[in-house]
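Colleague: Could you take me through the holes and the side-chain contacts in this one? I'd like to see the reasoning behind each answer.

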Amino acid sequence: MLARLELPLEITQAPVGGAGYEASGKPLPDATLSLARDADAILFGAVGDPRFDALERSLRPEQAILGLRKALGLFANLRPAQVHPELVSASALRPEIVAGLDILIVRELTGDIYFGEPKGIRVVDGAEREGFDTMRYRESEVRRIARVAFEAARNRRRKLCSVDKANVLETSQLWREVVVLEAKAYPEVELQHMYVDNCAMQLVRDPKQFDVILTGNLFGDILSDEASMLTGSIGMLPSASLDARGKGLYEPIHGSAPDIAGRGIANPLATILSAAMMLRHSLGQPEAAARIERAVAQALREGYRTADIHSAGGRRVGTEEMGEAVAARL
Ligand code: IPM
Ligand code: MG
């Protein structure tokens, strides 16, 4: 479908997650990691499959995405949540609350309690087991993700909301101090701080108050799922995970949806929009990215709907037909 734009894309495929485990006994096979290292960008399919839930943690499919993020230094996760005008009624919230919504969540992706050491399960008092993880952030980690968020805000509506739990957590206290220092370089951006519990509430009360939300790995994981539902379907949202030089991994924010696997009804738009983000952020092709986004918008305008967004009315189609509808409108 990109041939008409004459983009010289060299595409290689590699197994990862459950497929990686089946191919080589590891969720992130060495060959896959080395291909990913050599690539300019990675388009990632969702991981996760209940068939692998009984495996020990290091072999579970989720380790593939966590391993790629860490190994490639993909610290900046951009998760836009926009409501397409045609899908306003698919949202769980009232139309006037979500119409025109356009939020960008900037989630730190390689630190926090996800990766902090020590972590484990140990026996305490010789009697019972205790699970523990460590939440930690270095100043430099906060600084670099804050910069990404300020830069993004500067190119949008110039409002940045930094989300933390500074009333309880030391990590958040430091986070807040560093963000305030970074703000000095961006006087045109209005900075606000919000506790994560309040933010979770505000996202459903009045989501349009937000422009860019900056937050850590764990809070960003939770808030981005919440934000996605405002848009009607988690099946619509793309994401980018970038390193310091703009190389990135692109993936839909939805999971692998094992309950509908193989039935040809999944919504392909989040993946298609992820490819658009890839063209924009890593491959220097903003024109091609915009064309894909316009084609998606047009297919929606013309009423094409996969099952997850069908409550908004329109013509119900399967995965393949939706993909073809978009390709035909490029
Ligand atoms: C996400 C996912 C991952 C995460 C899982 C699959 C490890 O929920 O990308 O949001 O928690 O980061
Ligand atoms: Mg998540």
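Modeller: Sure, and one term before we start: a pocket is an open set of grid points with protein on both sides within 12 Å along at least five of seven lines, and its lining residues have an atom within 4 Å of a point. Keep in mind that this is a predicted model.

Colleague: Which element gives the most to the lining of the second largest pocket?

Modeller: That pocket has a volume of about 860 Å³. Of the 28 residues that line it, the closest to its centre are Glu-62, Ile-65, Leu-66, Arg-69 and Tyr-114. At least two lining residues come from each of H3, strand E4 (120-124), strand E5 (128-132), helix H8 (217-230) and strand E10 (248-252). The top contributor, with 5 residues, is H3.

Colleague: And how many charged residues are in that pocket lining?

Modeller: By class, the second largest pocket is lined by 11 nonpolar and 6 polar residues. Asp, Glu, Lys and Arg are what counts as charged. For the lining of the second largest pocket, the charged count is 11.

Colleague: On to the closed spaces. What volume does the largest cavity have?

Modeller: The structure holds 2 cavities of 30 Å³ or more. The second largest of them has about 50 Å³ of space. For the largest cavity, the volume is about 70 Å³.

Colleague: Which element gives the most to the lining of the largest cavity?

Modeller: Its lining is made of Asp-112, Met-135, Tyr-137, Val-163, Asp-164, Thr-171, Ser-172, Trp-175, Gly-216 and Phe-219. The elements giving two or more residues are strand E6 (159-164) and helix H6 (170-183). By class, the lining splits into 5 nonpolar, 3 polar and 2 charged. The biggest share, 3 residues, comes from H6.

Colleague: Same thing for the second largest cavity: which element gives the most there?

Modeller: Lys-159, Leu-160, Cys-161, Glu-190, Gln-192, Gln-209, Phe-210, Asp-211 and Val-212 do the lining. E6 and strand E7 (190-195) each supply at least two of them. As for class, you get 4 nonpolar, 2 polar and 3 charged. With 3 residues, the element that gives the most is E6.

Colleague: Asp-164 caught my eye in that first cavity. Which side chain does it meet in a salt bridge?

Modeller: Asp-164 is one of the residues lining the largest cavity, and at 1% relative accessible area it is buried. Its salt bridge measures 2.8 Å, N to O, and the partner is Arg-176. That pair links distant parts of the chain, 12 residues apart, with Asp-164 in strand E6 and the partner in helix H6: Arg-176.

Colleague: Is Lys-165, the next one along, buried or exposed?

Modeller: Lys-165 forms a salt bridge with Asp-197 at 3.2 Å, N to O. Asp-197 lies in helix H7 (residues 196-205) and Lys-165 in the loop between E6 and H6, so the pair ties together parts 32 residues apart in sequence. Asp-197 is partly exposed at 44% relative accessible area. The cut-off for buried is under 20%, so Lys-165, at 18%, counts as buried.

Colleague: How far apart in sequence are the parts that Arg-51 and Glu-22 tie together?

Modeller: The search of the whole structure finds 21 salt bridges. In one of them, the side chains of Arg-51 and Glu-22 meet at 3.3 Å, N to O. Arg-51 lies in the loop between strand E1 (41-43) and helix H3 (62-71) and Glu-22 in helix H1 (residues 18-24), so the separation is 29 residues.

Colleague: Now the rings. What kind of aromatic pair do Tyr-21 and Phe-52 form?

Modeller: There are 3 aromatic pairs in the whole structure. For Tyr-21 and Phe-52, the centres are 5.6 Å apart and the planes stand at 75°. Planes over 60 degrees apart have their own class, so this pair is edge-to-face.

Colleague: Last one: which ring does the charged end of Lys-70 sit over?

Modeller: There are two contacts to mention here. Arg-122 lies over the face of Phe-132, at 4.0 Å from the ring centre. The charged end of Lys-70 is 4.8 Å from the centre of its ring, and that ring belongs to Phe-115.

Terms used. Residues are numbered from 1 along each chain as its sequence is written. Chains are lettered from A and ligands numbered from 1 in the order in which they are written. This is a predicted model: local features need pLDDT of at least 70, side-chain atom pairs count only at pLDDT 80 or more; totals for chains, interfaces and linings use all residues. Side-chain values use heavy atoms; hydrogens and water are left out. On a 1 Å grid over the protein atoms alone, a cavity is a set of points where a 1.4 Å probe fits but cannot get out, and a pocket is an open set with protein on both sides within 12 Å along at least five of seven lines; lining residues have an atom within 4 Å of a point. Grid points are joined across faces, edges and corners, and a volume is the space filled by probe spheres set on the points. Helices (H or I, at least four residues) and strands (E, at least two) are DSSP runs, numbered from the N terminus. A salt bridge is a side-chain nitrogen of Lys or Arg within 4 Å of a carboxyl oxygen of Asp or Glu. Buried means under 20% relative accessible area, exposed over 50%, partly exposed in between (1.4 Å probe, protein chains only). Rings of Phe, Tyr and Trp (its six-membered ring) pair if their centres lie within 6.5 Å; planes under 30 degrees apart count as stacked, over 60 as edge-to-face and the rest as tilted. A charge sits over a ring if NZ of Lys or CZ of Arg is within 6 Å of the ring centre and within 35 degrees of the ring normal.
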